[in-house]
Amino acid sequence: MGGVKSRRMPRAVREQQMLDAAVRTFGQRGYRAASMDEIAELAGVSKPLVYLYLNSKEDLFTACIRREAEALTAAVRAGVRPGLPADRQLWEGLTAFFTHTALHPDGWSVLHLQARTHGEPFAAEVAAVRADLVAFVTEVIVVAAREARRDPSLPGREVAGLAEALVGAAESLAAWANATPGVTAGQAAATLMNFAWAGLGELMDGRPWVPPSEVEAVPAG
């Protein structure tokens, strides 16, 4: 009797086991190439049980996206200590981001590569987590502007554009770092800080880069 009971697993635990197998399979093989048979075998369960818990391949993939997105967002927010200067907050957030994506390459593949290439509803799920990360970076930039000028005097559209650009750079850099042996999370974060924060610092100090005028661009004579 005791042996039979020990093999029984709570539904929530069994479901996470299936999601672990699905994330690994989707991340490494892609959504279309992955099969429910393969996922069930890797999870150590029957295919009918996977369908019983998660209904369909599409629902299973959506559940993977949601779990990995929530984990990434939670990791970034947990990695930032409130009350620090803006550059330290961004540094800690980026370090947490690159640490998480390095530790969970299959999950990052699901979010960054697979979900975006197969249309709705998958792309909408990823857009939601991306919007949360952009909101976090936006607040960091506003804090930086407040520290530099005592008020968030940057135009809202400019702040939004800067946040979008920084998150996009982080996404691309994470994919590169995961594919490049020897690149640590700290090195990736430092690369992006050197690329982005130096420019942001100039902007906060009232020294934005200004495009040359047409007169300056045309050679004399």
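A crossing of two helices is called left-handed if the near helix is turned anticlockwise from the far one by less than a right angle, and right-handed if the turn is clockwise. With that in mind, the tour of this predicted model can begin at a pair of helices.

Select helix H2, residues 11–29, together with helix H3, residues 36–43, and look at the place where their axes come within 8 Å and cross at roughly 130 degrees. That angle makes H2 oblique to H3, and the crossing in which H2 passes H3 is right-handed.

Next, show the side chains where the two helices touch. On the H2 side, select Gln17, Met18, Ala21, Ala22, Arg24, Thr25, Phe26 and Arg29, which meet Glu38, Ile39, Leu42 and Ala43 on the H3 side. If you colour the residues of this contact by character, they divide into seven nonpolar, two polar and three charged.

Now move on to the largest pocket, whose volume is about 210 Å³. To find its centre, select Leu162, Ala165, Phe195, Ala196 and Leu200, which are the closest to that centre among the ten residues of the lining. Then display helix H9, 156–179, and helix H10, 185–204, since these are the elements that give two or more residues to the lining of the pocket.

Which helix gives the largest share of this lining? The largest share comes from H10, with six residues. As a last step, colour the lining of the largest pocket by character as well, and you will find nine nonpolar residues, one polar residue and no charged ones.

Key: Residues are numbered from 1 along each chain as its sequence is written. This is a predicted model: local features need pLDDT of at least 70, side-chain atom pairs count only at pLDDT 80 or more; totals for chains, interfaces and linings use all residues. Side-chain values use heavy atoms; hydrogens and water are left out. Axes are lines fitted to C-alpha atoms, for helices over the stretch in contact, and angles run from 0 to 180 degrees between N-to-C directions. Helices (H or I, at least four residues) and strands (E, at least two) are DSSP runs, numbered from the N terminus. Angles under 35 degrees count as roughly parallel, over 145 as roughly antiparallel, 65 to 115 as roughly perpendicular and the rest as oblique. Contact means heavy atoms within 4.5 Å. Ala, Val, Leu, Ile, Met, Phe, Trp, Tyr, Cys and Pro count as nonpolar, Asp, Glu, Lys and Arg as charged, and the others, Gly among them, as polar. On a 1 Å grid over the protein atoms alone, a cavity is a set of points where a 1.4 Å probe fits but cannot get out, and a pocket is an open set with protein on both sides within 12 Å along at least five of seven lines; lining residues have an atom within 4 Å of a point. Grid points are joined across faces, edges and corners, and a volume is the space filled by probe spheres set on the points.
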